[in-house]
Amino acid sequence: MKAAVVRAFGEPLVMEERPDPAPGPGQVRIRVEASGLCHTDIHAAHGDWPVKPDPPFVPGHEGVGTVEELGDGVIHLSLGQRVAVPWLGKACGRCEHCLSGWETLCEQQINTGYGCDGGHAEKMLAWADFAQPVPDGVSAVDAAPLTCAGVTTYKALKVAGVRPSQLVAVSGVGGLGHLAVQYAKIAGATVAAIDVTDDKLELAAELGADLVIDARKQDVAQVLREHGGAHAAIALAVNEAAFTAVNSGLRRGGKLVMVALPAHGTIQVPIFDAVLNGTSVIGSIVGTRQDLAEVFDLHAAGRTKVICETRPLSSVNESIEDVLRGQVRARIVFDLAKGR
Ligand code: NAD
Ligand code: ZN
Ligand code: ZN
């Protein structure tokens, strides 16, 4: 099978021929049909974060495909079934976090495409309990971005407790942001979408954003304050200044939900303002299996649109460059079914 492999941080990925992996107990092998390119894959390939993966590894945590081999003990998935393999590859199932509905915080978790090989390959392994069945009627290409970009932003809005009539700022309308805009609309909010490219701002408006803010030309915090300030700001742009701007644009009691992970990222939160205004800063990491099931159900019901372009896996390096240049409509999905 072919796989796109990170051999060293900051170097181009290498297309390698590898033997098909054999599923261990509790695992399945999947024939990958589609695999979304998340900005996290780029951070992984660059070794951007304090906790680093261990090259060589195959990135990708939006892999979707059909089950082609069952490991020992797997009884709830069947051969040929379409499943998605998210970032949360496995959690312990026994700790405080797992038992209280916060499996995404499990300290024993293994992350797909980071702590084990991921979806940018023709075949991959998954732990069956964490491989999410994809409903009939949801294509592999659509399911791929939902598997991280979808579930992550859906969860971020839950974490913010967004309610109808609230103003939600979505900072960064890329892979994650284009879905965040839609979930915020589904929640009944008024949406202010912020980006630095014309295409992304146009896309946000097409997807229902009520207000678009061009961070190149406008003072984001001031525009948000002119509208009363945001009840919630979902920070998805890989840029520290963008976090600071939306934090300053919160209304009293507002919540900044941090999702993007710029390398070495820090922001300054003025204590006086946070205390007097009663604002919160909250980190939010992906979503649970239940969150992903809800994301798939919403899509199967026709409530969300996935905007993406499909490319062969062999385009992985130029695709990474295009994401970094902001020259992607929303998400790139490697189409393994076509590319094979
Ligand atoms: P992306 O590159 O597709 O999107 C980023 C968007 O931000 C682009 O549209 C870009 O034009 C825009 N942008 C850049 N600078 C900006 C600025 N100053 N102001 C406003 N917008 C700006 O990336 P993505 O795949 O959507 O991922 C975004 C981030 O989220 C990455 O850091 C990724 O690692 C992280 N992420 C976090 C989680 C989590 O669970 N917390 C999950 C997935 C991804
Ligand atoms: Zn991701
Ligand atoms: Zn656990």
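In the predicted model, Glu294 is part of helix H9, which spans residues 289–300. The relative accessible area of Glu294 is 22%, so this residue is classed as partly exposed, the buried class being confined to values under 20%. Apart from neighbours within four places in sequence, Glu294 makes contact with Tyr154 and Lys158. Val74 precedes Glu294 by 220 residues along the chain, and the C-alpha atoms of these two residues are 23 Å apart.

The zinc ion (ligand 3) is bound through four cysteine sulfur atoms, namely the SG atoms of Cys92, Cys95, Cys98 and Cys106, at distances of 2.3 to 2.4 Å. Along the chain, these donors are arranged with the spacing C-x2-C-x2-C-x7-C. The angles among the four donor atoms run from 105 to 118°, and the site of the zinc ion (ligand 3) is tetrahedral. For two of the donor residues, accessibility was also computed. Cys98 has a relative accessible area of 15% and is therefore buried. Cys106 has a relative accessibility of 2%, so Cys106 is likewise counted as buried. Both assignments follow from the cut-off of under 20% relative accessible area.

An unreviewed UniProt entry assigns residues 10–334 to the feature "domain: Enoyl reductase (ER)". Over residues 10–334, helix accounts for 30% of the chain and strand for 25%. The C-alpha atoms at the two ends of this segment are separated by 21 Å.

Terms used
Residues are numbered from 1 along each chain as its sequence is written. Chains are lettered from A and ligands numbered from 1 in the order in which they are written. This is a predicted model: local features need pLDDT of at least 70, side-chain atom pairs count only at pLDDT 80 or more; totals for chains, interfaces and linings use all residues. Side-chain values use heavy atoms; hydrogens and water are left out. Donors are N, O and S atoms within 2.8 Å of the metal (3.2 Å for Na, K and Ca); water is not among the atoms, so sites may look incomplete. Four donors count as tetrahedral if all angles lie between 85 and 135 degrees; four count as square planar and six as octahedral if opposite donors are over 155 degrees apart and all others between 65 and 115; anything else is irregular. Buried means under 20% relative accessible area, exposed over 50%, partly exposed in between (1.4 Å probe, protein chains only). Helices (H or I, at least four residues) and strands (E, at least two) are DSSP runs, numbered from the N terminus. Contact means heavy atoms within 4.5 Å. UniProt positions are given in the numbering used here, feature names are shortened, and annotations may be inferred rather than shown by experiment.
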